[in-house]
Amino acid sequence: MATGNKNSVPKLGVAIVTIDVFNPTEKDVAEAAIRAYFDKLIKNGKIAEGSIVTDRLMNPVQARQAADRFAEACVDAVVVYNIAFPNGQVFLALATHPTLKNLPFAVIADPEPSTEEWATNAWCGTIMNNRVAKALGKPIAPIAGPVSTPLFQKEIERFISVAKTIKFLRNDMLVRFGDAPSGFHSASGDQMAFARVFGTMLETVDMTAVMEVCKSGKISGFVGTESFTDADIDKVVEFVCTGREVQVDRELIAKAARLYLSYKAIIDANGYTSASMRCWPEQNEDYIGYSACLAMSLLIGNGDVTSASCEADWPMAVIQTVGTLLSGQPAYCLDWVSYTGGSEIIQLGHCGVGVCGCMEPGGKQCEAVTLHPVIRQGGKSIGPVVIGQFKYGPMTGICITQDRDGEFTVLAFEGESDKSTDIGMKYCAADLRVKNYKRLNEIVLDGGFPHHLAVARGHIAEDVKMLCKLLGVRYVNPDQA
């Protein structure tokens, strides 16, 4: 069983904070609103049943007691809700609690009510809390009410989605199948830096071990034993050959299916949650003779892992996982294919890691299982790969780099794909129309970003921004100054 669960909802600790003055009616209204809203979130499955909403906290002793209760319940995130001006020690007590201090925090309050007298001063309390957070070096998400408004609910649900992603990352066991090919410098990173900031733990499995599982069909790992049969291989082949154009022999697909089931067996037997693969050059040499692309596509498409990045690029696998979790759909590991600053339509693609079921049926290149488009040009018939355009619609590109001082920067940008942006090249692609493409090109080059990026479904740049804020990571976007 995997140590992280991408579908598990976070458990929240909600602290209601005030002092014993200001308008009691307005405080009652605010408290009733937040309780009703969080009951609704639990009922709709957005947060876990064990989430806690406290009684009113008015001093640090009560705050410590609430913090201990949150810790005992193993909450995944904390929401501090000022229903009026707060006792400033309450936030400090929660934010410095040894179990809670590394959790994501949101601090929320309604604007001042339209009343004849000064009623709550609640947002002033948020400013006070934010000042303390800055002094502590504790990133928080300040969110303004009123609680009943769609804008507030959109922001708090974004916080919940980000908290869920952080929860997963801090339990993520990323398996690297082989090391990066020579010269792929960005595909190797500082493992401890990623563990410190994101929480991801990296494990390495040599490709010889993968090929041994391919031969034997079984593996024992950290959490148990896994195996597969010829009948399992036949089922995978049937799935791949149904509903898409197949331009290679079923025997070649069967080899890729065996590799997929070998990867899956290793992942399941060890509790791995995300992956990167050394997909070349050895895999495509005569002594192996088939590509890893289809196996990788099946892993991410079937939800076996949250990432399956190419060329053993495990740092990009972390970002691919971010894209998968925040969008709720498989994110793709792609290249910056062509000059980014020359056209509003930018080419993002890869050799053949299209995902079965995620390709555009009306694209200029139909979804096809075919030979490797790059190696075929060199005179070899190696495959199988999945090509085509990923489904049209809004998308977000996400990329990460680490500077010479070890600090991370995450880039996110949004774009649109449709038939007019589809370049029609025979590979797997997300050709996007991007508004500030020249600025995007400058950011990529000036920031020293790698040649890989993750592409996620939907417009989730604001989600990525909040994630970066709560992790203390620098964020850049070509649409922002």
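**Cis prolines, pockets and buried cysteines**

P281 sits in the loop that runs between β11 and α10. In this predicted model, the peptide bond leading into P281 from W280 is cis, with omega near 5°. A cis bond also turns up from G145 to P146, this one with omega near 0°. Here the proline belongs to the loop between β5 (140-144) and α5 (150-169).

The loop that holds P281 also holds N284, with β11 spanning 274-277 and α10 spanning 293-301. N284 is tucked away from solvent: its relative accessible area is 7%, so the residue counts as buried. Setting aside neighbours within four places in sequence, the residues in contact with N284 are C279, Y290, S291, I375 and I382. With S291 there is a polar contact, side chain to side chain, at 3.1 Å. The partner I375 comes from well along the chain: 91 residues separate N284 and I375 in sequence, yet their C-alpha atoms are 8.6 Å apart in space.

Back to the backbone, where two phi angles deserve a look. Most residues other than glycine have a negative phi, and most peptide bonds are trans. F22, which is not a glycine, has a positive phi of about 75°. F22 belongs to the loop between β1 (12-17) and α1 (24-43), and with a relative accessible area of 23% the residue is partly exposed. E311 is another non-glycine residue with a positive phi, in this case near 55°. Its place is the loop between β12 (308-309) and α11 (314-327). E311 is buried, at 7% relative accessible area.

Next, the cysteines. A disulfide is a covalent bond between the sulfur atoms of two cysteines. With a cut-off of 2.5 Å between sulfur atoms, the disulfide count for the model is zero. For C310, the nearest cysteine sulfur is that of C333, 4.4 Å away, and C310 is in no disulfide. C428 is in no disulfide either; its nearest cysteine sulfur, that of C310, is 7.5 Å off. Both of these cysteines are hidden from solvent: C310 has 4% relative accessibility and so counts as buried, while C428, at 0%, is likewise buried.

That leaves the pockets. The largest pocket holds about 410 Å³ of space. Its lining is made up of 21 residues, and those closest to the centre are N102, G137, P139, L470 and L471. Two helices, α6 (191-197) and α14 (461-471), each give the lining at least two residues. Sorted by class, the lining of the largest pocket comes out as eleven nonpolar, five polar and five charged residues.

The second largest pocket has a volume of about 300 Å³. Its lining counts 16 residues, with T409, I443, R474, Y475 and V476 closest to the centre. Two or more lining residues come from each of α13 (437-446) and β23 (474-476), and α13 provides the largest share, four residues. The class split for the second largest pocket is five nonpolar, five polar and six charged.

How values were computed: Residues numbered from 1 in each chain as written. Predicted model: local features only at pLDDT ≥ 70, side-chain atom pairs only at ≥ 80, totals over all residues. Heavy atoms only, no water. Buried < 20%, exposed > 50% of the residue type's maximum accessible area, 1.4 Å probe, protein only. 1 Å grid on protein atoms, 1.4 Å probe; cavity = no way out; pocket = protein on both sides within 12 Å on 5 of 7 lines; lining within 4 Å. Points joined across faces, edges and corners; volume = space filled by probe spheres on them. Nonpolar A, V, L, I, M, F, W, Y, C, P; charged D, E, K, R; others polar. Contact = heavy atoms within 4.5 Å. Polar contact = N/O pair within 3.5 Å; in protein donor to acceptor, adjacent residues only side chain to side chain.
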